[in-house]
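Let's take a walk through this protein together. Have the sequence and the 3D view open, and follow along as we go.

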Amino acid sequence: MTEGNLMGHLGIRFTEIGDDYLVATMPVDHRTQQPFGLLHGGASVALAESMGSVGSHLCIDTARYYCVGLEINANHIRSVRSGLVKGIARPLHLGRRTQVWDIRIYDEQDRLVCISRLTLAVLAYQE
């Protein structure tokens with residue numbers, strides 16, 4: 001799912017899928033840093049939205065439904081200059097029409113870097 005799109009370009013890799021969570025990593029390098037050498041806030045948001053979107057896809061009947069993002073917010077807690085960041089995504093609400101996901105991003109020392117919440121719409125394919 002990550003090749004040939006934004007996730008592949010940013011180096012996002014899904015490393016674990018559990019019953020109620022997803023884990024993915026993203027490098028902090030020239031692709032994801034802002035001009036001052038820090039992890040770009042937009043890259044953190046791209047990781048969060050990617051994780052919530054993949055998670056939402058795993059929770060629906062993909063022959064009948066698809067999910068699209070409605071709203072995302074992020075609080076950037078700590079800066080990161082290099083290495084890998086790890087995101088953990090968990091569903092807060094899995095409804096018939098909407099889903100809400102909590103995504104927390106950590107540095108390699110397990111310090112909180114970013115907290116994000118993603119709301120998605122669950123839409124039916126037109127027959």
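Start at Asp107, where a polar atom of the side chain lies 2.9 Å from the backbone nitrogen of Gln109. Keep in mind that you're looking at a predicted model, so the distances here are computed from predicted positions. That same side chain of Asp107 also makes a polar contact with the side chain of Arg111, at 2.8 Å.

Where does Asp107 sit? You'll find Asp107 in the loop between strands S5 and S6. And is Asp107 buried or exposed? Buried means under 20% relative accessible area, and Asp107 has 5% relative accessibility, so Asp107 counts as buried. Now look at what's around it: setting aside the neighbours within four places in sequence, Asp107 is in contact with Arg78, Val80, Leu84 and Val113. For a sense of scale, pick out Tyr21, which is 86 residues away from Asp107 along the chain. The C-alpha atoms of Asp107 and Tyr21 are separated by 18 Å.

Next, step back from the loop into the strands. S5 covers residues 98-106, and S5 pairs with S4 in the antiparallel sense over eight bridges. If you'd like one pair to find on screen, try Arg90, whose bridge partner in S5 is Asp102. S4 and S5 form a hairpin, with three residues between them.

S4, which spans residues 83-94, has another partner to look at: strand S2, residues 22-28. How many bridges join S2 to S4? There are seven, and these two strands run antiparallel. One pair to look for here is Leu22 with Ala89, its bridge partner in S4.

Finally, go over to the other side of our starting loop, to strand S6. S6 runs over residues 112-124, and Leu123 has its place there. Leu123 is at 31% relative accessibility, and that's why Leu123 counts as partly exposed. Leu123 has company, too: together with Tyr66, Val68 and Tyr125, Leu123 forms a nonpolar patch on the surface. Add up the accessible area of those four residues and you get about 310 Å². Try colouring the patch residues Tyr66, Val68, Leu123 and Tyr125, then colour the buried Asp107 to compare.

Note on methods:
Residues numbered from 1 in each chain as written. Predicted model: local features only at pLDDT ≥ 70, side-chain atom pairs only at ≥ 80, totals over all residues. Heavy atoms only, no water. Patch = residues over 30% accessible without salt bridge, like charges linked within 9 Å, V, L, I, M, F, W, Y side chains within 5 Å. Areas by Shrake-Rupley, 256 points an atom, 1.4 Å probe, with all protein chains shown as cover. Salt bridge = Lys/Arg side-chain N within 4 Å of Asp/Glu carboxyl O. Helix = DSSP H or I, 4+ residues; strand = E, 2+ residues; numbered from the N terminus. Buried < 20%, exposed > 50% of the residue type's maximum accessible area, 1.4 Å probe, protein only. Pairing = 2+ DSSP bridges. Polar contact = N/O pair within 3.5 Å; in protein donor to acceptor, adjacent residues only side chain to side chain. Contact = heavy atoms within 4.5 Å.
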